[in-house]
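Trainee: I'm new to this one. Could you walk me through it and let me ask where the labels come from?

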Amino acid sequence: MKEASLPGEPDAETASGDRIANPKQRRVAIIGAGISGLAAALHLRDRLPEASLTVFEAASRPGGVLHTVRQDGFLIETSADSFITTMPWALRLCQRLGLEDRLLQTDAAHRRAFVVRRGRLLPIPDGLMIMAPSRLGPLVTTPILSPWGKLRMAAELFVPRGSGRDESLASFARRRFGREGYERLIQPLVGGMYTGDPEQLSIQATMPRFLDMEQTHGSLIRAMRRKPRSEGGKQNGNPSDRTSGSGARYGLFVGLPDGMSELIAAMVRALPAGSIQCGAAVQSLTRTPAGDWQLVIAGQPAPLSYDAVVVATSIGQSRSLLAGVDPELSVLLDEIPTSSSAVVSLGYRREQIQHRLDGFGFVVPRIEPLPILSGSFSSVKFTGRAPDGQVLIRVFLGGAVRPELLDRDDPQLIQVAHESLAGLLGIRQQPIVSLVSRWNQVMPQYLVGHTERIARIRERVANWPGLALAGNAFEGIGVPQCIHSGQQAAERLAEELA
Ligand SMILES: Cc1cc2nc3c(=O)[nH]c(=O)nc-3n(C[C@H](O)[C@H](O)[C@H](O)COP(=O)(O)OP(=O)(O)OC[C@H]3O[C@@H](n4cnc5c(N)ncnc54)[C@H](O)[C@@H]3O)c2cc1C
């Protein structure tokens, strides 16, 4: 077991679990040093400065899924490369950590993306916000859809309201926009975001605003046309204005010059030194009759006792840890499945690639005979990702719709990713740099009924004083929502302990 090795103050709060030093000091354990667990720890630090905090992390570094690697002059994000700023929590955390001036905007000159059709990259129609078009012009002229597909999408204006009850993303999108619009545009865009199967994902839990738009305005197109321009509403009609429509969406994302690991490092620095124990897998969690929480840590002879605990691991781990505490809660958590994915990062010399790379990347419809989910032109999106004259592209594979590909070994995944890019972008030679990052069972799938399931989980957790759950399985998978979930879990415990 080792401390996260970042500079800080000498520590008064270690993981000793020793009550004798100060019997009144509250002791809180946080299991998991991903962004959710770290956000919980920081919030507790702010709310209960006198409490002793210990974050137990199974891996050899904090950050969980978030990790940045430097290789041969490339800066490679192995998972998330940015976060959205319309939800306040990540932005506020950066302000709290003094990182606000470090935030990196996406390159305004190339704010658009492509979709694959018959092996070619075609620009996603301007003004399309995932499934809500704010402009009909680009939809009418796009070569992505047949004339019938375009008519059917425009007819969304006249499709009657649904019941407002939860349904799958696919059924919602097909009902409103027709099969072709769903298969050619909406499915690849949504599938790329959740690495999930839209036939199973809940519209209410993943994109409730579209359900609201339908209920309030009777049509998503009408709702978008009534929105002010600043919210992605009706545009000025200038097709070269890439700060509008779907382009505006890319302007809402920010990264960091040293990657997402910069955020993790700043969070670790803001916690007391020694409060994060890496290489410390929690093997079991129990509650004693006296109301203490006992943790057994791999390699440690005796269990450690705490007044409160935040479980901030991936959902599969949370389910196992809580099985001994509350089997019914564990069964509810078991109803949230997960998917796996891999990110293959490839570096090329610019002259190896024929395509203009005048966008941030592309998504692949499931009906296209390509084995990959999407690609991100990382060095176009953010500066500083590749050395001069070189290009970094990240390819996403697997997910709920193509899990079988992940059985292949790393060299095979690199070959699949490279061959797919070679066909789409006109690449002549092998990549000069490659890195495979596998994410096994870390992406929860928000299935139809997710919102009610989470309400039942919350009710169950409320029966256990001193217990809180955080993570990406509950109210959003994105970095800002994970931060919020950690902060909410910490707030609940802070109120109890105070
Ligand atoms: C490929 C990919 C790309 C993504 N892209 C984006 C993006 O661009 N923007 C965005 O906003 N979001 C993105 N996301 C989503 C987002 O990054 C994740 O949802 C989020 O980082 C999850 O954080 P977490 O702390 O909840 O979980 P995790 O990061 O999984 O952290 C959980 C931690 O718990 C530890 N742990 C597990 N079991 C134990 C145990 N028994 N004892 C101790 N420790 C344990 C794990 O080692 C891990 O460190 C992406 C996700 C992936 C996989």
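Mentor: Sure. Start with α13 and helix α16 (residues 450–462), which pack at an angle of about 160 degrees with their axes 10 Å apart. Keep in mind that this is a predicted model.

Trainee: What makes α13 roughly antiparallel to α16?

Mentor: Set the angle against the cut-off. The two pack at about 160 degrees, and angles over 145 count as roughly antiparallel. That makes α13 roughly antiparallel to α16. As for handedness, α13 passes α16 in a left-handed crossing.

Trainee: Which residues of α13 and α16 meet?

Mentor: From α13 you have Glu328, Leu329, Leu332 and Leu333, and they meet Arg453, Arg456, Ile457, Arg460 and Val461 in α16. By class, that contact divides into five nonpolar, no polar and four charged residues.

Trainee: And why are α12 and α13 called roughly antiparallel?

Mentor: Same kind of check. The axes of helix α12 (residues 315–323) and helix α13 (residues 327–334) cross at roughly 165 degrees and come within 8 Å. The cut-off is over 145, so α12 and α13 are roughly antiparallel to each other. Their crossing is left-handed. On the α12 side the contact is made by Ile315, Ser318, Arg319, Leu322 and Ala323, and on the α13 side by Pro327, Leu329, Ser330, Leu333 and Asp334. Sorted by class, the α12 and α13 contact has six nonpolar, two polar and two charged residues.

Trainee: Then why do α1 and α17 get the word oblique?

Mentor: Helix α1 (residues 35–47) and helix α17 (residues 479–497) have axes that cross at roughly 40 degrees and come within 7 Å. Roughly parallel needs an angle under 35 degrees, and roughly perpendicular needs 65 to 115. The value fits neither range, so α1 and α17 are oblique to each other. Their crossing is right-handed. Among the residues making the contact are Ile35, Ala39 and Leu44 of α1, along with Val479, Ile483 and Leu493 of α17. By class, the contact of α1 with α17 has 11 nonpolar, six polar and two charged residues.

Trainee: Let's turn to strands. How do you know that β6 and β12 pair?

Mentor: Count the bridges. Pairing takes at least two bridges, and β6 and strand β12 (residues 253–255) have two, in the antiparallel sense. For instance, the bridge partner of Ile84 is Phe253 in β12. The sheet they belong to is open, with the order β6-β12-β7.

Trainee: What makes β6 and β7 edge strands?

Mentor: Each has a single partner strand, so one side of β6 (83–84) and one side of β7 (104–105) is left without a neighbour in the sheet.

Trainee: How do you know that β15 and β16 pair?

Mentor: Three bridges join strand β15 (residues 293–297) to β16, and the two run antiparallel. Since at least two are needed, they pair. One bridge partner of Gln294 to look up is Ser305 in β16. These strands sit in an open antiparallel sheet ordered β14-β15-β16. β14 (282–287) and β16 (304–306) are at its edges, each with a single partner strand. On average, neighbouring strands of this sheet are turned by 25 degrees against each other, direction ignored.

Trainee: Last one: how many residues of domain 2 and domain 3 are in contact?

Mentor: 10 residues of domain 2 are in contact with 15 residues of domain 3. The touching side of domain 2 has two nonpolar, five polar and three charged residues. The C-alpha centres of domain 2 and domain 3 lie 26 Å apart.

How values were computed
Residues numbered from 1 in each chain as written. Predicted model: local features only at pLDDT ≥ 70, side-chain atom pairs only at ≥ 80, totals over all residues. Helix = DSSP H or I, 4+ residues; strand = E, 2+ residues; numbered from the N terminus. Axes fitted to C-alpha atoms, helices over the stretch in contact; angles between N-to-C directions. Left-handed = near helix turned anticlockwise from the far one by under 90°. Contact = placed C-beta atoms within 7 Å. Nonpolar A, V, L, I, M, F, W, Y, C, P; charged D, E, K, R; others polar. Domains from an automatic or database assignment.
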